[in-house]
Amino acid sequence: MTEPLLRIEGLRKAFGALVACNDVSLDLRPGEIHALIGPNGAGKSTLIKQIAGNMAPDAGRIHLAGRDVTGLSTAARARLGLGRTFQISSLAMEYTVLQNVMLGALGHRGGVMRFLSPVMKDKALLQTARAALERVGLAEAARRRTADLSHGQRRQLEVAVALTLSPRVFLMDEPMAGLGAEGSARLTGFLDQLRQEAPILLVEHDMDAVFALADRISVLVYGAVIATGTADEIRADPAVREAYLGEEDAA
Amino acid sequence: MKREPLLNAAILLGLLLVPLWALWADAPFTITLATKVAILALAGVGLNIALGLGGLVSLGHATFFGIGGYAMGILASHAQSFVPLTEVPFLIEGTKSMPVIWLVAVVFSALAALAIGALSLRTSGVYFIMITLAFGQMFYYFAISWPAYGGEDGLSIYVRNGFPGLNTLDPIQFFAICYAILALVLFLAARLAASPFGLALGAARQNDERVQTVGMDSFRLRLVAFTISGAVTGLAGALFADLNRFVSPTMFSWQMSGEFIIFIILGGIGRLYGPVVGAALFIILEHFLGGLSDYWHIYLGAILLAVVLFARGGLIGALAGREVAHD
Amino acid sequence: MSTVLLIEQLLNGVQFGLMLFLMAAGLTLIFGVMGIINLAHGSLYMVGAFAAAGVAAATGSFTLALIASLAAAAAAGALVELTVIRRLYARDHLDQVLATFALILIFSEGTRWVFGSFPLFLDVPAALAGPVTLPGGIQYPLYRLFIIVAGLVVAAGLFLLISRTRIGIRIRAGEADREMIAALGVDISRLYTLVFALGAALAGLAGALVGAIQSVQVGMGEPVLILAFVVIVIGGIGSIRGAFVGALLVGLTDTLGRFLLPVIFRAFMDPSAATSAGSALASMLIYILMAAVLVARPTGLFGKA
């Protein structure tokens, strides 16, 4: 069996009496999409923040591509190959679309401490940046201001920036949110192929996408993983039906 | 859309033509005013690297202006009294050479900016504003209470420092020096804004999380920007001291820091040439309103308030349109 | 002899600290509730001092002078909130800095225009003049003691106001969640005006109280404002308790530093060098304290992490 690229062991985070993350362990193997689902308030955001390095866990370790990154900053994790997209688009809104992907390309290549050369004429960076836009279907919008993009286009741009990082591992927080049926379907197709480049830890509410894409699914309830398995195993799991799908039906 | 570069060229040309006209009309005081504009604009351009590009609202840039000023004052006063600064561990003498003074001013203001930045950039938002203001005040009080270089009274330098091949006592020649430096720094600042560093710094201003997510250390970006910014303002301080042939603790005062920010907002935030227009506007207002009323700061306050509340783009924004040019 | 002097300086430090607290408490309240950085807070301090000096000169009553300082500063604060500050809530910090900087210019020059450039003098009232003998035979100016007591009373009142009253509950709710209290039907714009006026009144009172031991002049507010910022950075923004502890720390550090450092330096320097080096270092001491707090706890001693 291949070594997982992302391995989380016994992660724990409490805010006072509230345990938002309770002894969570999961891993992400090469070539797979591992979906993380759970009702609102299950602790998905807390878990993502800890993996991305925005929040320090109280206990537990995080390994990325064989290295313990638990004590490292967000930036250091990104340099080690963590490509993250945000639930709420987190982009440089005053910049053009191209500038945003250039930023990613620059972050990946390094050499940010260059003060006098014009970055927007850097051929190598431009090539990486344009290729990423091409792949997500945003090439036409390259010169537009990011703030003027539609919601769906911003999501595409998020993914494009992550692509410029050539990450070892993708961490995607609800990339389908607000995309609409057509957009979701297109992104689903795209992620389906993307997993061959780097595995994806996918947090997603869109159950159609999750069950269509995921090799494995972990279900998070009250901060704890109550089940991990294939789509069929998860569908059949009584605890999951009880805690999660049951709620969906009731609502 | 391409009106701003044209406007910038006109601004730079205007700042050159006014003293040339004054030379022809034999109005040396106008040349001095134009020189003052060029120097204060330089200080503002320095601050704008931190504020406009990096989004760092420093209310303590007078610190670097003052350090630049005292670099000139201390070196020149030792030179004019023929007493070396120190003889241990090796002899350091004063100097009347502008290039040497500039170098010292830039190095020491950069070091101060590095230290203050390393402390204050641990925070952000209002904390950053209050801390930069407080450190500025620290230098102000230190300059007042340290008697070796004039304390509260400041230091007078009798003869303007020299520049190889020029007569710096001639107002137009000193203007030429200041103008050339301003033009050079504007050119470099434009390159900086379009450089990889500028792209990353601007992104850090807009969205810190984004910059970290692509693997960049935003603290380092800001610290470098703050240091460059302080160094440029320090250079302006050395020139300002040479213009007045006088340095005093008021160069460190919080009002000075406030005025630098006013230059930027009057001209237009986020505009490379904003501080140039702002400084010119400020000096014109000071000159004309100051002639009309002893209480011209009331009018300045009212104008500033009106610009902040109703005309955020400043003068360049009004003339060149709202869109800030990209790439 | 030296112990007596030290105790006297300690009391001076406490007195200075309490006056800084009055300034810092208003600033930190205004920031906590409205998210506004108000550089013109020093102007309100000055308004209080001038109102007190003017009324004292006209009526001869120190009590009326203090009331006038509270009323004038509160009125000026409310006016400023209604006309300018209100437009700044949704703006960034840069706009707040610039607009309130503009207010300083207007207040300072306006005051100079009305009262002239010469300092005014606010006399210590006869009933509070002269020294008082403290336990241990220490002679201390009665008026300074009065300021200490007044500062403590106001501080206690402020704590009670925040923790026990309906207004205090709303203020705390406003600090926690602005949208929430609007949803609860609290008239938020009135609350803001009120908090701003309250902060202004505290500043005005401090100006009047200090005005009687220093001179009343244009520009007196800004050095105190910047010290109040140091207090807030040390104490942690938005925390009244932090402002109290920070203010006493700054007051004591500054006063004792000025007193003790030259003495300490005299142990290994010649007297005149010790005096100048000591006072130069003393003038930087509170900023060094601030830097130390920043290194250890960037959000201040009582700030939220």
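From the N terminus on, the elements of chain C follow the order α-α-α-α-β-β-α-α-α-α-α-α-α, a total of 11 helices and 2 strands. The model that shows this arrangement is a predicted one. Chain C has a radius of gyration of 20 Å, which agrees with the value near 19 Å that a compact globule of 305 residues would have. Its C-alpha trace spans about 65 × 50 × 35 Å along the principal axes. Of the 305 residues in chain C, 50% count as buried. Sequence separation gives a further view of the fold: among contacts in chain C between residues at least 6 apart in sequence, 76% join residues at least 24 apart.

Chain A has another make-up, with 9 helices and 10 strands. Its radius of gyration is 18 Å, close to the 18 Å that the globule rule gives for 251 residues, so chain A is as compact as a globular protein of that length. The C-alpha trace of chain A extends over about 60 × 40 × 40 Å along its principal axes. Buried residues account for 46% of the 251 residues in this chain. Among the contacts in chain A that link residues at least 6 apart in sequence, 65% are between residues at least 24 apart.

Within chain A, strand β3, residues 33–37, merits a detailed view. This strand is mostly covered, with 5 of its 5 residues buried. The covering applies to both faces of β3(A): A:Ile33, A:Ala35 and A:Ile37 are buried on one side, and A:His34 and A:Leu36 are buried on the other. Strand β3(A) is joined by 4 bridges to strand β8 of chain A, residues 200–203, and the two run parallel. In this pairing, A:Leu36 stands opposite A:Val203 of β8(A). Strand β3(A) also pairs with strand β9 of chain A, residues 216–221, again through 4 bridges and in a parallel arrangement. Here A:His34 is the residue of β3(A) that stands opposite A:Arg216 in β9(A).

The discussion now turns to chain B and to its helix packing. Helix α2 of chain B, residues 28–53, and helix α10 of chain B, residues 254–267, have axes that come within 9 Å and cross at roughly 80°. That angle makes α2(B) roughly perpendicular to α10(B). From α2(B), the residues B:Leu40, B:Ala43, B:Gly44, B:Leu47, B:Asn48, B:Leu51 and B:Gly52 meet B:Phe260, B:Phe263 and B:Ile264 of α10(B). By class, this contact of α2(B) with α10(B) comprises 7 nonpolar, 3 polar and no charged residues.

Helix α2 of chain B also holds B:Val37. B:Val37 counts as buried because 27 C-beta neighbours lie inside 10 Å, and a residue needs 20 or more to be placed in that class. Leaving aside residues up to four places away in sequence, B:Val37 touches B:Leu15, B:Ala279, B:Ala280 and B:Ile283. The C-alpha atom of B:Val37 is separated by 8.8 Å from that of B:Leu281, although these residues are 244 residues apart along the chain.

The assembly of the chains can be considered next. Two pairs of chains touch, and the most contacts are between chains B and C. Chains A and C do not touch, and their nearest C-alpha atoms are 12 Å apart.

The contact between chains B and C takes 35 residues from chain B and 37 residues from chain C. On the side of chain B that touches chain C, the elements that give two or more residues are α5 (125–145), α10 and α12 (296–310) of chain B. Among these, α5(B) gives the most, with 14 residues. The residues on this side of chain B divide into 27 nonpolar, 7 polar and 1 charged.

Where chain B meets chain A, 21 residues of chain B are in contact with 31 residues of chain A. The elements of chain B that give two or more residues to this side are α6 (171–193), α7 (196–206) and α8 (208–213). The most is given by α7(B), with 6 residues. By class, the side of chain B that touches chain A has 9 nonpolar, 7 polar and 5 charged residues.

Key:
Residues numbered from 1 in each chain as written. Chains lettered and ligands numbered in written order. Predicted model: local features only at pLDDT ≥ 70, side-chain atom pairs only at ≥ 80, totals over all residues. Buried ≥ 20, exposed ≤ 12 C-beta atoms within 10 Å, placed from the backbone. Pairing = 2+ DSSP bridges. Rg over C-alpha atoms; globule rule 2.2 N^0.38 Å. Contact = placed C-beta atoms within 7 Å. Nonpolar A, V, L, I, M, F, W, Y, C, P; charged D, E, K, R; others polar. Axes fitted to C-alpha atoms, helices over the stretch in contact; angles between N-to-C directions. Parallel < 35°, antiparallel > 145°, perpendicular 65-115°, else oblique.
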